[in-house]
Amino acid sequence: MKIQLSGLRRATNALFDHLERTGRTEIEVTEDFYWSVPEKHLYSVYTPPPESELTMGQLSDDWNEVARIASGQRPPTAYALVWLSSLLRCIGTKLVS
């Protein structure tokens, strides 16, 4: 599978446009810590990761880093997509439930 960045950008914009059309301009996030599965285990779905290798992430830290990029205080990096993905996953599941 190859994902075109232009298509991903269009889909992302369409999703944010949808949220804004439904009146959402901010999302209240009450959760903070989450389980993080190391990348070497993330896509090995037939072998569960050892419990000792699970780590924790923190949404407030992820948001702080993404916000610093948005404000120009920090240069964008590819790894910042990992922080952004944690935030988007939380928001997406919160809006569904």
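## Overall layout

The protein has 4 helices and 2 strands. Keep in mind that this is a predicted model. Reading from the N terminus, the elements come in the order α-β-α-β-α-α. Taken along the principal axes, the C-alpha atoms fill a box of roughly 45 × 35 × 35 Å.

How much of the chain is buried? Of the 97 residues in the protein, buried ones make up 11%. As for contacts between residues at least 6 apart in sequence, 49% of them join residues at least 24 apart.

## The nonpolar core

The largest nonpolar core has 6 residues in all: Leu59, Val66, Ala80, Trp83, Leu87 and Cys90. Two elements give two or more residues to this core, namely helix H3 (59-70) and helix H4 (80-96). H4 gives the most, with 4 residues. As a general rule, nonpolar side chains in soluble globular proteins tend to be buried together.

Tryptophan 83, one of the core residues, is a good place to zoom in. Setting aside its neighbours within four places in sequence, Trp83 is in contact with Asp62, Glu65, Val66, Ile69 and Arg74. Val66 turns up here as a contact of Trp83, and Val66 is also listed in the core itself.

## Helix H3 up close

Start with the length of H3. The helix has 12 residues, and at 1.5 Å a residue they should span 16 Å; the end C-alpha atoms are 16 Å apart, so the model agrees with the expected value.

Which residues of H3 are buried? They are Leu59, Asp62 and Val66. These three sit on the same side of H3, because they cover an arc of only 60° around the axis. The general background is that an α-helix has 3.6 residues a turn, so residues three or four places apart point the same way.

What do the buried residues of H3 pack against? Their partners are strand S1 (33-36), strand S2 (55-58) and H4. After H3 comes glycine 72, which has a positive phi, near 85°.

## The largest pocket

The largest pocket has a volume of about 2100 Å³. Its lining counts 47 residues, and those closest to the pocket centre are Leu84, Ser85, Ser86, Leu87 and Leu88. Leu87 therefore appears in two places, in this lining and in the largest nonpolar core.

Which elements give two or more residues to the lining? They are helix H1 (5-21), S1, helix H2 (39-42), H3 and H4. The largest share comes from H4, with 15 residues. H4 is also the element that gives the most to the nonpolar core.

## Two spots to compare

Histidine 41 is found in helix H2. Is this histidine buried or exposed? Histidine 41 counts as buried because its relative accessibility is 16%, and the cut-off for buried is under 20%. Apart from neighbours within four places in sequence, His41 is in contact with Pro49, Pro50 and Glu53.

Threonine 30 lies in the loop between H1 and S1. With a relative accessibility of 62%, Thr30 counts as exposed, since exposed means over 50%. Where does asparagine 64 sit relative to threonine 30? The two are 34 residues apart along the chain, and their C-alpha atoms are separated by 15 Å.

Key. Residues numbered from 1 in each chain as written. Predicted model: local features only at pLDDT ≥ 70, side-chain atom pairs only at ≥ 80, totals over all residues. Heavy atoms only, no water. Core = buried A, V, L, I, M, F, W, Y, C linked by side-chain atoms within 4.5 Å. Buried < 20%, exposed > 50% of the residue type's maximum accessible area, 1.4 Å probe, protein only. Contact = heavy atoms within 4.5 Å. Expected span 1.5 Å × (residues − 1). Arc of directions from axis to C-beta. 1 Å grid on protein atoms, 1.4 Å probe; cavity = no way out; pocket = protein on both sides within 12 Å on 5 of 7 lines; lining within 4 Å. Points joined across faces, edges and corners; volume = space filled by probe spheres on them.
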